[in-house]
Number of protein chains: 4
Amino acid sequence: MIKVGIVGSTGYTGAELVRLLTRHPHVELVGLTSRSYVGEHYWRVYPHLKNYTDLQCEELDLPRLVDRADVLFTALPHGHSMDVAREVLSRGKKLVDLGADFRFRDQAVYESWYRVPHTAAELLPRAVYGLPEINREALRGADLVANPGCYPTASILGLAPLLAKGLIDPGEIVIDAKSGVSGAGRGFSLKTHFAETNENFQAYNVGVHRHTPEIEEQLGRLAGRDLTVAFTPHLVPMVRGILATIYTRPAVLPDRDELYELYADYYREEPFVRVLPPGMLPQTKAVAGTNHCDLAVVPDPRTGRVIVLSAIDNLMKGASGQAVQNLNLIFGLDETTGLVFPGLYP
Amino acid sequence: MIKVGIVGSTGYTGAELVRLLTRHPHVELVGLTSRSYVGEHYWRVYPHLKNYTDLQCEELDLPRLVDRADVLFTALPHGHSMDVAREVLSRGKKLVDLGADFRFRDQAVYESWYRVPHTAAELLPRAVYGLPEINREALRGADLVANPGCYPTASILGLAPLLAKGLIDPGEIVIDAKSGVSGAGRGFSLKTHFAETNENFQAYNVGVHRHTPEIEEQLGRLAGRDLTVAFTPHLVPMVRGILATIYTRPAVLPDRDELYELYADYYREEPFVRVLPPGMLPQTKAVAGTNHCDLAVVPDPRTGRVIVLSAIDNLMKGASGQAVQNLNLIFGLDETTGLVFPGLYP
Amino acid sequence: MIKVGIVGSTGYTGAELVRLLTRHPHVELVGLTSRSYVGEHYWRVYPHLKNYTDLQCEELDLPRLVDRADVLFTALPHGHSMDVAREVLSRGKKLVDLGADFRFRDQAVYESWYRVPHTAAELLPRAVYGLPEINREALRGADLVANPGCYPTASILGLAPLLAKGLIDPGEIVIDAKSGVSGAGRGFSLKTHFAETNENFQAYNVGVHRHTPEIEEQLGRLAGRDLTVAFTPHLVPMVRGILATIYTRPAVLPDRDELYELYADYYREEPFVRVLPPGMLPQTKAVAGTNHCDLAVVPDPRTGRVIVLSAIDNLMKGASGQAVQNLNLIFGLDETTGLVFPGLYP
Amino acid sequence: MIKVGIVGSTGYTGAELVRLLTRHPHVELVGLTSRSYVGEHYWRVYPHLKNYTDLQCEELDLPRLVDRADVLFTALPHGHSMDVAREVLSRGKKLVDLGADFRFRDQAVYESWYRVPHTAAELLPRAVYGLPEINREALRGADLVANPGCYPTASILGLAPLLAKGLIDPGEIVIDAKSGVSGAGRGFSLKTHFAETNENFQAYNVGVHRHTPEIEEQLGRLAGRDLTVAFTPHLVPMVRGILATIYTRPAVLPDRDELYELYADYYREEPFVRVLPPGMLPQTKAVAGTNHCDLAVVPDPRTGRVIVLSAIDNLMKGASGQAVQNLNLIFGLDETTGLVFPGLYP
């Protein structure tokens, strides 16, 4: 059994890790840390987990936790995983960070967007960006995985085939993304307040969302050149799900069957990416609770554009499901272990 | 492998059966019938199931389906399972009916509430009411199971301990129940129309809902006498979940710890009933997608009442999850096979 | 023009007062106080009001505000209106308190349920309970109005005809009430957090909600004797609306037409109460944004009960709309001024 | 009093017209036609209107209705207003069509997108596109008004200042639009079925939505040249509201204050367009129930784009509110009559 500890376990990505890991056949949960609920049974904090774990929330005592665990997940605000990472790696254990601290090659990009100094920059070259569909080999046996952001996961999976094949102008990408409210976490704000958000729809952080440079770095790797993207996130009055609508400009416009084949080929071996045939469009409900990414590609001959639609569950493929997929790769398990189940529909 | 066919598979309870059975380790799905989608791949009708089943919807050809299957599930409007049942049983196969046709001992009660003649009344004595928590032994090896209604499941589990112990006046029960909209199925009506139902709350079928006599028959068995209940269903602007708030009048009012112990004892061996300790109340989200029933019991010393709160997922413990639990009992499997997983929260 | 100041204007009941009073033909808003937004334009706090008011939020300077105003509305947490009231009345101005501080005749009841000492108990006899349908004459010209709670408004209007006519047993009342989330205000908690509340339904404060004694005092007045009620509030995943489902036991059960006539007669002159004919049931959406209360009365001959359904908008007839109705009565205006408009449906 | 008849009054835009016109000071409703509810009191079809109208739904008898009315509103599926229009105009009365039949100058464009022949093409030159902010003078006294579509209203108001000033490349416009479910009307489909739509988000009609050519024709008029736009509509799990996120490419990128001033100047005299200052973004809730359009303009210096956000209530400024605004213009009333009230927030 792989012994797993979760640092910052009582946010939504932490709770989703617990949900997944309590039924993972090769994992034993050995510690759940929390600042707010120390001493409380985890199932009192998250009542759906009653009968599934008897662990109590504990204060973070990193050395003791690292001793007990083979791998830690950190589900912390940015800036808080750096020191944890150094300690974990120095003791020969492994870390999957669900935050942003190790997602960038370039320390300066991180620091300018996240407004904190990076105190473990020496680890950046060692970190592997944890999107298995584009980085699988590097993830096998990795000891420091930067789990991608939710918007980047949907966006990169939506664009990878077009960019990898060099079919579109990398400077002409518009990503209009919409997320359920759980993406904002369990912390309180007017944006997560029911009466403000229900029966409401709005954009936020227009032009300045921190997932922008992450998307650009990974798309740039696929395109083989630097690029910028126009990226606008929106808040949908639902709990789970992201849909990214992506506008691209190809040099030559393929027809819909060619586009479908291109995507179907590119993702043929991928267990979690489902390319929908022409006539079907992704919907977030079809991936709710699962690690799947559903994709459709539509040509728009009137404007000469290709429009890609990409749907994930922000807490699953966009966070904790992907983190478990990475855990499986790190430890040489079948990549789908503990993740093969359909969503909750309706 | 147990070979399973589903008659009427493209409603919501049918889809939920498919979701559960595609990952049940001892089941093979051999046929999915539909009136509306004959020839269509099932995953095109329910896109969350892409990659999980390649079956196509087929027209109902009962003899052929019975030949292929060990057991059928019928997820049909009332009145349509009677003839199916006769055919299935006559060929030595088994049936779990998710409809109302076999839920009543007394044919006259059925006919007066459902307004159709019962054409297979000779089978009524053979039917077992499929609520394992009160009927487990009869379900082992049964060949005709009447799967309970959603409201009755929540109501009966909420009241069983009090009635079985004779603590309350059986003539003084009020059940105020609230259901998510999926309980109304995939058929169209103003009550299931998004713009009418979202941001709305209302009662329906006040005093005349067809689950009333089902609740009364089963509670009467537990109480050892005939009884009536005031039962009012309501429509909640959410997809899944039932919460029943039940008002009872005890002869002597226990305190909250006594009530908790009574319920905890009664359900101690039950894998799917979770009695919450004093201070916690059920919420439908904690059981969403699962076969659990969450219960709390609260004394109200000011009025001398005991108030019970009972939460289930109407499509799971209220329908298809319970049907799979019954399948397991029928075939002598561990009752929880394919059903042990926590819900989707948030 | 009546000069109005609002103390605690940036909660939801405050915002609803501003919405109503900016288009009230005989009112001029002269001051909006706030603790959190001092100096901010009100429309930046509530963007729907851009173009409707240019007032800025101000710190509370009570003497100066009272000088400017003819009447104050207080929309404050309980315990905070007592001293305001004394100051306002001592200067010959009027007060409508949307909180609980003046809703009880008996200081001891208030103090035992609200857990604070009452520091202006000498004013309690002067306070008029602001439910015009049962208290109209006392409200004309009143100088201290205790605006009712939302649940009490729905409950009392639902029960008044039965109690006033002495038709039911006052000791056998069960009120099962369901409220939208805006009833919890703009303050943050897990219960108002979108991801916890959407797709969720739950009871709260079972047997101990503070509106219970308020309901009991007013129903007791109507019944002419002391009584207790079983009252259970629930949280509905919607923004606005309350539906109360009320179970009563009559000595003799009227039929549905008699019940309808009873209610239609009782409320015939009431501008805001709409008694629905047999066959129609209240829904919260039909009263959203309005000062209406929609009622239906249903006999349940099987159990000998009468079931009443009562729907209001908790921020309107349940709070600010009723407060404006009271304002109109206080100042001798037509009671419906500024309040005659249908709701937002769908 | 202006005598108004509504043809097709029991859809959502019809109901919204009734809501508005029952409190319009210069309008008398003289006839409400319906196919489904003939003989029924209108308030039984729409219960929020109880006490506001006693009219009963009537079958369409066009000559008799035209005799009674000064103006008709048609709220019909496309293809059904052509013959009505001919009859109305031939009798010297006026028509506001809320459908698409008269929105296009070019009959061929209409016929190729709507797939029906136009049987009243001779009236097309007489029809005035009813967006007062760009067409006010032509609307005064018009006798045939083509009320704009919901998406076109949000899109055109969002782009008019940039196009009118020639600041952007008209060939590089992307409109990503999101609508509440009421936009699909009261007709049934899986897309309007609560259990399918709640907790779900999806695009639909990608590249082929019929509002596309309408947007293009009007933007082309503003730009002074033909153009195409990439337009993608999405379905939001809420009842009311549209947010359009519009991506443009300017020749020279203004800064945010310049953009704000440009928009504020352009719309300075407009009663219903509210340009939000830098730092605020539109949200659909702030315009719910009102005739307002809220706009923000944001430069994205990293990509050289200007992003416009435009929010309306699809049933109000996107349909019936705008139709009443047009009625006021047609009859020489103050354009805002019956439309000046803030929205319902929260």
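Let's start where chain A meets chain D: in this predicted model, 32 residue pairs make polar contact across that interface (both at pLDDT 80 or more). Eight salt bridges are counted between the two chains as well. One of them links A:Glu172 to D:Arg305, with the closest N and O atoms 3.4 Å apart.

On the chain A side, several elements each supply at least two residues that touch chain D, among them β8 (173-180), α9 (211-223) and β14 (305-312). The largest share, five residues, comes from β10(A).

Here is the interface in numbers:

| Feature of the chain A and chain D interface | Value |
|---|---|
| Contact residues from chain A | 49 residues |
| Contact residues from chain D | 48 residues |
| Buried area | about 3900 Å² |
| Part of the buried area on carbon and sulfur atoms | 53% |

Within chain A, the residues that lose the most area to chain D are A:Glu199, A:Phe201 and A:Arg302, together 18% of what that side buries.

Now for a look inside chain D. Seven strands build an open, parallel sheet there, in the order β3-β2-β1-β4-β5-β7-β6. At the edges stand β3 (57-58) and β6 (128-129), each with a single partner strand, so one side of each has no neighbour in the sheet. For β6(D), two bridges join the strand to β7 (residues 144-146) of chain D, and the two run parallel. D:Val128 sits opposite D:Val145 in β7(D). Helix α4 (residues 82-90) of chain D packs on this sheet and touches β4, β5 and β7, with its direction making about 155 degrees with that of β5(D).

Finally, the copies: chain B superposes on chain A (RMSD 0.0 Å) after a rotation of 180 degrees with 0.0 Å of shift along the axis. The two copies are therefore related as by a two-fold rotation axis.

Terms used. Residues numbered from 1 in each chain as written. Chains lettered and ligands numbered in written order. Predicted model: local features only at pLDDT ≥ 70, side-chain atom pairs only at ≥ 80, totals over all residues. Heavy atoms only, no water. Pairing = 2+ DSSP bridges. Helix = DSSP H or I, 4+ residues; strand = E, 2+ residues; numbered from the N terminus. Contact = heavy atoms within 4.5 Å. Axes fitted to C-alpha atoms, helices over the stretch in contact; angles between N-to-C directions. Least-squares fit on C-alpha atoms with pLDDT ≥ 70 in both. Buried area = accessible area lost by both parts, 1.4 Å probe. Salt bridge = Lys/Arg side-chain N within 4 Å of Asp/Glu carboxyl O. Polar contact = N/O pair within 3.5 Å; in protein donor to acceptor, adjacent residues only side chain to side chain.
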